[in-house]
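Visitor: I would like to learn how to read the inside of a protein model. Where do we start?

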Amino acid sequence: MPDLQPVLPMAVGLALITASVVDLVWTTNAAGAGAGSVTGRTCRLLWRAARRVARRNDERRHRRVALAGVLITLAALVQWILLIWVGWWLVFNASDDAVIASSTGEPADALSRAYFTGYSVFTLGNGDYRPGGALWQVATVAATATGLVLVTLAITYLVPLASAVTQRRQLAAYISSLSHRSTPEELLVSAWTGKGFPGLAQHLVALTPLIHVAGQRHLTYPMLHYFHSRDRRTAAAPSLAVLDEALTLLRCAVHSEARLPPATVIPTAAAVDGFLDTLAGAFIHPGQHPLSPPDLAVLRRAGIPTVDDATFCAALDELDHHRRLLSGLVAHNGWDGAVEP
């Protein structure tokens with residue numbers, strides 16, 4: 001029976017290296033496919049832990065959760081590093097002659113092999129230890145190559161990720177600036193001129209491409225879903241929910257004589273739909289219940305003509321799944337109750 005003792009650590013090591021490299025490349029380059037399976041599971045577990053740590057619905061809660069995005073991103077980076085490092089360490093432990101001391105020619109111990117693996121992966125070029133033969137020289141070159149892939153892809157992923165976080169906050173701030181109170185009813189009341197919503201139309205035209213870009217960035221950088229803003233006015237999830245509910249009011253609650261043209265409202269609504277399509281990649285599921293229905297009494301007090309309550313309720317029933325997706329998005333981002341009328 002063949003001796004499996006040297007083969008087993010090499011097989012496990014190569015499996016860890018392969019899993020890490022595939023997960024890294026998938027996460028950083030497979031735009032639209034979401035995070036790799038390993039990274040995705042790690043991010044979800046850490047996000048749930050962060051939500052449990054910060055259960056209280058106060059300012060300090062949002063301040064604590066705001067750290068989660070950075071910590072989760074760092075955890076993903078550390079995970080890739082450790083998987084590659086441990087994987088190559090196991091490979092170099094498959095043979096006593098894999099790594100030897102340069103000065104004495106003696107086989108390196110386990111800790112020294114970890115040191116050799118680390119400086120090979122991160123291309124430090126130290127000469128304290130060297131590979132013990134042609135096969136291990138090739139393995140050392142491969143270890144260095146995986147290190148270069150890791151560093152290159154991590155940097156090219158993290159820098160634009162930080163930019164995407166900033167641009168998403170800008171989008172949320174733009175939406176929040178459309179009303180004094182961040183509710184869909186007040187957004188329409190602020191735009192009402194007594195005859196219609198002419199000023200709101202230009203904002204919807206401007207917001208549509210910004211929302212499309214935000215959706216595509218969430219597909220490219222799935223970790224964006226784990227970045228939380230401590231300020232309600234710069235939080236993307238509740239801001240998008242408020243905008244979408246305002247669009248629902250424009251399409252389904254405001255009387256036809258005062259509505260904006262469909263060509264103005266439908267593209268923005270479609271952009272929000274596209275954004276919600278990114279939720280599946282982050283395993284964000286529809287909420288058990290939709291958002292609380294908007295209060296038509298607020299619109300009526302402002303003089304905005306509306307349909308009757310029964311007609312509006314029937315329209316909301318048709319949008320139940322869509323509005324539960326919004327509810328799930330808002331809850332996932334820790335802003336439960338932030339879109340109440």
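Visitor: Leaving aside its neighbours within four places in sequence, which residues is I211 in contact with?

Guide: Bear in mind that this is a predicted model. I211 is in contact with L171, L240, L243, T268, A271, V272 and F275, once neighbours within four places in sequence are set aside.

Visitor: How does that fit into a nonpolar core?

Guide: In soluble globular proteins, nonpolar side chains tend to be buried together. Here the largest nonpolar core has 51 residues, and I211 is listed with L188, F197, L200 and L250 as having the most contacts inside it. Helices that each supply at least two residues of this core include α6 (134-176), α8 (198-220) and α10 (262-276).

Visitor: Which helix gives the most to this core?

Guide: That is α9, with 11 residues. There is also a second, separate core of 35 residues, which includes I17, I84, W88 and Y226.

Visitor: Is α7 enclosed or open to the outside?

Guide: The way to judge is to count buried residues, meaning those under 20% relative accessible area. In α7, 6 of the 8 residues are buried, so this helix is largely enclosed by the rest of the structure. The buried ones are P184, E185, E186, L187, L188 and A191. Their cover includes α8, α9 and α11.

Visitor: How many disulfides does a search of the whole structure find?

Guide: The search finds 0. Take C252: the nearest cysteine sulfur, that of C313, is 11 Å away, whereas a disulfide needs the sulfur atoms within 2.5 Å. C252 is buried, with a relative accessible area of 16%. C43 also counts as buried, at 2% relative accessibility.

Note on methods
Residues are numbered from 1 along each chain as its sequence is written. This is a predicted model: local features need pLDDT of at least 70, side-chain atom pairs count only at pLDDT 80 or more; totals for chains, interfaces and linings use all residues. Side-chain values use heavy atoms; hydrogens and water are left out. A nonpolar core is a set of buried Ala, Val, Leu, Ile, Met, Phe, Trp, Tyr and Cys residues joined through side-chain atoms within 4.5 Å. Buried means under 20% relative accessible area, exposed over 50%, partly exposed in between (1.4 Å probe, protein chains only). Helices (H or I, at least four residues) and strands (E, at least two) are DSSP runs, numbered from the N terminus. Contact means heavy atoms within 4.5 Å.
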